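This report examines one protein together with its ligand. Please keep the sequence and the model in view while reading.

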Amino acid sequence: MSIELDDIVVTVPDGDQTRTLLDHASLVIGRGEVVALSGPSGSGKSTLLAVAALLLRADRGTVRIDGVDAHAANDRDRTLLRQQHIGVVYQNANLFPSLTARQQVELVAHVRGELDHHARERAADLLRTVGLDSRLDARPAELSGGERQRVNIARALMGRPSVIVADEPTASLDASRGEQIMKLLVDRARESGVATLVVTHLPEQVAATRHVTIEHGGLVERDWSDAA
Ligand SMILES: Nc1ncnc2c1ncn2[C@@H]1O[C@H](COP(=O)(O)OP(=O)(O)OP(=O)(O)O)[C@@H](O)[C@H]1O
């Protein structure tokens, strides 16, 4: 369970010109590691996440998921790789208003044609591991922001991903709830081995295994004294 971003280059249109947003950015996230990614607004964090999630093809560079080269793959194989290996946690939970927490998570198995008794049990178990034991039958409107994010994380885990990418999952939460969500991602990563990349801000990133920032399009590894 790993993701390797190797020498990623992404250019974006900028008026009549193009601008190099990611400039030979490289990052390896191993089994069970949680990397917190931060950087100024517009520095390319969401773009890097989109490349890692195989939603955006870089102009240059390689993405390897569990050692499989996704850059060289055709669109169909990339979609399969994404569906089978990557869980995405969005900033806003993007839950279906009419479905209960349990149904939101079960939907992952349903879409794959795998919704049976075991999948139902697993969905409920995942919701319990994210601390929603008593909220299985609640709909999004009945859940707090933090609880909705927990459903979101359970849903991402339901697909048994090798890699989770999360774009500011704590942005709408206060500092202590944000920290809880980060700790949850760290615990789940340790337990299931999933390699996790999460865009976040202080102070929640202190819970992560490593801290990386984007500077001038490249990735710079930080140590904890930088984050303090
Ligand atoms: N397809 C595109 N076309 C033109 N410009 C783009 C495109 N994609 C991204 N950009 C620009 O690239 C820059 C980086 O965008 P990105 O969303 O990756 O940054 P970010 O670090 O996530 O920012 P924020 O913290 O504000 O969310 C922005 O200036 C954005 O306008």
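Which residues of the largest nonpolar core touch the most other members?

## The nonpolar core

The model discussed here is predicted. Its largest nonpolar core holds 63 residues, and those that touch the most other members are A52, V105, A154, V165, L185 and V198. Helix α5, spanning residues 145–158, supplies the largest share of this core, namely six residues. In soluble globular proteins, nonpolar side chains tend to be buried together.

V165 may serve as an example. When residues up to four places away in sequence are left out, V165 touches L49, A52, A53, I86, V88 and L197.

## Overall form

The protein contains seven helices and ten strands. Its radius of gyration is 17 Å, close to the 17 Å given by the globule rule for 228 residues, so the protein is as compact as a globular protein of that length. Taken along the principal axes, the box filled by the C-alpha atoms is roughly 50 × 40 × 35 Å.

Of the 228 residues, 41% are buried. Among contacts between residues at least 6 apart in sequence, 68% join residues at least 24 apart.

## The shell around the ligand

The residues surrounding the ligand are V12, P13, L21, G39, S41, G42, S43, G44, K45, S46 and T47. Two elements each give two or more residues to this shell: β1 (3–14) and α1 (45–52). The greatest contribution comes from α1, with three residues. By character, the shell consists of three nonpolar residues, seven polar residues and one charged residue.

## Helix α1

How many of the eight residues of α1 are buried? The number is six, so α1 is largely enclosed by the rest of the structure. These buried residues are K45, T47, L48, L49, V51 and A52. Two of the names recur from earlier sections: K45 belongs to the shell around the ligand, and A52 is among the core residues that touch the most other members. After α1 comes L54, which has a positive phi near 65°.

## The β1–β2 hairpin

Strand β1, which also contributes to the shell around the ligand, pairs with strand β2 (residues 17–29) in the antiparallel sense over ten bridges. Within this pairing, V10 stands opposite L22 in β2. The two strands form a hairpin with two residues between them. In the turn, G15 has a positive phi of about 65°. In a regular strand, the side chains alternate between the two faces of the sheet.

Note on methods
Residues are numbered from 1 along each chain as its sequence is written. This is a predicted model: local features need pLDDT of at least 70, side-chain atom pairs count only at pLDDT 80 or more; totals for chains, interfaces and linings use all residues. A residue is near a molecule or strand if its C-beta atom, placed from the backbone, lies within 6 Å of it. Helices (H or I, at least four residues) and strands (E, at least two) are DSSP runs, numbered from the N terminus. Ala, Val, Leu, Ile, Met, Phe, Trp, Tyr, Cys and Pro count as nonpolar, Asp, Glu, Lys and Arg as charged, and the others, Gly among them, as polar. Two strands pair if DSSP finds at least two bridges between them. A nonpolar core is a set of buried Ala, Val, Leu, Ile, Met, Phe, Trp, Tyr and Cys residues joined through C-beta atoms within 7 Å. A residue is buried if 20 or more other C-beta atoms lie within 10 Å of its own, exposed if 12 or fewer, and partly exposed in between; C-beta atoms are placed from the backbone. Two residues are in contact if their C-beta atoms, placed from the backbone, lie within 7 Å. The radius of gyration is taken over C-alpha atoms; the globule rule is 2.2 Å times the number of residues to the power 0.38.
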